[in-house]
Amino acid sequence: MIAGIDLGTTNSLIGVYESGFPTLLADAEGKRLIPSVVYFPEKGIPVVGREGLRMQAFHPECTFSSVKRLIGRRFGEEGTQNLGGTVGSPVTLPIHGQNLTPEEVSSEILKKLKSIAEERLGAAVDRAVITVPAYFNDAQRAATRKAGELAGFTVERILSEPTAAALSYGLDRLQENAKVAVYDLGGGTFDLSILRLDNGVFEVLSTHGDTRLGGDDLDEAIAGLILREAGMGSLNIERSIRLKQAARAAKETLSTQETTVVLLPFLEGEKSVEIPLTREQVEKVCAPIVARTRALCLRALEDAGLKSEQLDQVILVGGSTRMPLVQKLVAEVFDKEPNLSQHPDEAVALGAVLQGAILEGNLRNVALLDVTPLSLGIETFGGLMNVIIPRNTTIPAKAGEMFTNAVAGQSGMKIKVLQGERELAMDNWMLGSFEIPFPPSQKGAARVGVQFSIDADGILHVLARDTATGIEKIVEIKSAVEVSDEAVEAMLAGSLEHAFEDMDARIFTEARLKAEEMLPAVESALEQLGSELSEPEVLEIKKQSSEVISALASKETNRLKQALTALDHSTQTLATKLIERAMG
Ligand code: AMP
């Protein structure tokens, strides 16, 4: 079993693929988000998660948080400025007279996740997919892999976070070349990535971000607001950590409520302070911070060479995107409502789980759920069903064919969109019909391209275009994928029951169309070139032609097919002469 792990700056999550579903696993307290905080006591084993977070207030010097910022870094690089080690050597963190690497600290978080999973599943979990930001370089990816190995995992893949998020939103089933913006505002970092779907795999077109912009900054701004409201000055480190925790709780509450009350029992000795806050007040202090993401979004779009209207989807990742303020900004910057269908703080982990399932080959069953229940096509000459997207095709899907006019002087084509498994159009269900006009032309001269595409939501778009004039029409049909099981069964039973006569009807119709084309052609060729043939040859052709006519009337498929073969045979010399004359 391969676990999926989101090793986050603020929180981490682990999940597995269980009985066909990606599932995130909760610890003994029922919590899935595990704070990425490690407290190292003087003696004994490190304390990770919520307990570590609580210890941070008492022992900030023995507690590490946000080590993700340091993993794979060297002193002197971004984020290490206030650590003061020898420039150029790998970052280490001093603790109780020892020096730990960030990957060693991270491995404690991973060990905790591993134990949560093993406890929940009652089995060893020793393979993992671990996510990293898209901008992580080789050293940062290698260090993350190392952390996984130190925790006892075989690391099957290091996966980019935006790619994982897109997988969890099911965007790998969008049409080829689809473009997606992933807006990720977490606790400490902001990332905006633009992805393109290429052969079912996401390619990162561009990424921009700020490693110092996230929910923590909002907490700080809200803490400042609370202090001002309470009319207080600065606090000692322990109290300011608690104040920030209270600010964070208020912020999270205000994502769903308009007002809240912050209770601060610790600020002034015995006396507890209550500060009422409104969403409006909080949005006012947060707005300038959130607004800093705008320029980064626009730059990422520009780097990808895209305009916002070319994006197929905008998805949200990171707990801070639960704020209405953030969602409003995203909608405005991209001129598109963001997709809110997944929990933003679980999307990356779920994507890692899905990637694990794909690597194990477990995901095929799921993909099969999204298939066309019945064939889709259009009616063609002679009332036949012409299948364009066969039954059981995985969606999204796209296919097309070129059609022409059956009759000279015809000035348009009726496109009847059909669903079903029967050979004759009239036995299938008509989902819709429309007319595409073209200038009157000779038989077979018009060229109308018909394209069927079914998007990830199961909506069928039928496009027909006259290639000569470029005139096109497109219709949208909603019921192409959502068909009741009973209806599907009835259709399949009908096609089985009538399989023989249906097939016979199709072969007869095809033969009839051929006969209708051949008879006048033979007649006109005889008129032009009959004199160059021997009399027995002409007689034979006439005899076979009239046999075709009587076979047509008899409606006997085999008789018609034989008659056509004989006519074909008898006209070989005539056909050769026709060709010679054309070439001459
Ligand atoms: P992440 O890094 O994705 O785990 O996001 C953590 C950040 O999301 C923290 O700053 C949280 O305070 C913030 N967050 C989580 N839930 C909410 C919420 N409902 N409203 C606002 N921010 C939230």
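## The shell around the ligand

In this predicted model, the element that gives the most to the shell around the ligand is helix 6, residues 237-253, which supplies 3 residues. The shell comprises 14 residues, and among these N11, K251, E252, S255 and G319 come nearest to the ligand. Sorted by class, the shell is made up of 9 polar, 4 charged and 1 nonpolar residues.

## Polar contacts and cover

Three of the nearest residues can be described through their side chains. For K251, a polar side-chain atom lies 2.8 Å from an oxygen atom of the ligand, and for E252, an N or O atom of the side chain is 2.6 Å from an oxygen atom of the ligand. With S255 the ligand partner is a nitrogen atom, which is 2.6 Å from an N or O atom in that side chain. On its own the ligand has 500 Å² of accessible area, and the protein covers 88% of it.

## Helix 6 against helix 5

Helix 6 also meets helix 5, residues 215-230, where the two axes come within 8 Å and cross at roughly 105 degrees. An angle from 65 to 115 degrees counts as roughly perpendicular, and helix 5 and helix 6 are therefore described as roughly perpendicular to each other.

On the helix 5 side, the contact is made by G215, L218, D219, E220, I222, A223, I226 and L227, while helix 6 contributes L243, K244, A247, R248 and K251. By class, this contact of helix 5 with helix 6 has 7 nonpolar, 5 charged and 1 polar residues. K251 thus appears both in the contact with helix 5 and among the residues that come nearest to the ligand.

Note on methods:
Residues are numbered from 1 along each chain as its sequence is written. This is a predicted model: local features need pLDDT of at least 70, side-chain atom pairs count only at pLDDT 80 or more; totals for chains, interfaces and linings use all residues. Side-chain values use heavy atoms; hydrogens and water are left out. A residue is near a molecule or strand if one of its heavy atoms lies within 4 Å of it. A polar contact is a pair of N or O atoms within 3.5 Å; within protein, one must be able to donate a hydrogen and the other to accept it, and residues adjacent in sequence count only if both atoms are side-chain atoms. Accessible areas come from the Shrake-Rupley method with a 1.4 Å probe; for residues, only the protein chains shown count as cover. Helices (H or I, at least four residues) and strands (E, at least two) are DSSP runs, numbered from the N terminus. Ala, Val, Leu, Ile, Met, Phe, Trp, Tyr, Cys and Pro count as nonpolar, Asp, Glu, Lys and Arg as charged, and the others, Gly among them, as polar. Axes are lines fitted to C-alpha atoms, for helices over the stretch in contact, and angles run from 0 to 180 degrees between N-to-C directions. Angles under 35 degrees count as roughly parallel, over 145 as roughly antiparallel, 65 to 115 as roughly perpendicular and the rest as oblique. Contact means heavy atoms within 4.5 Å.
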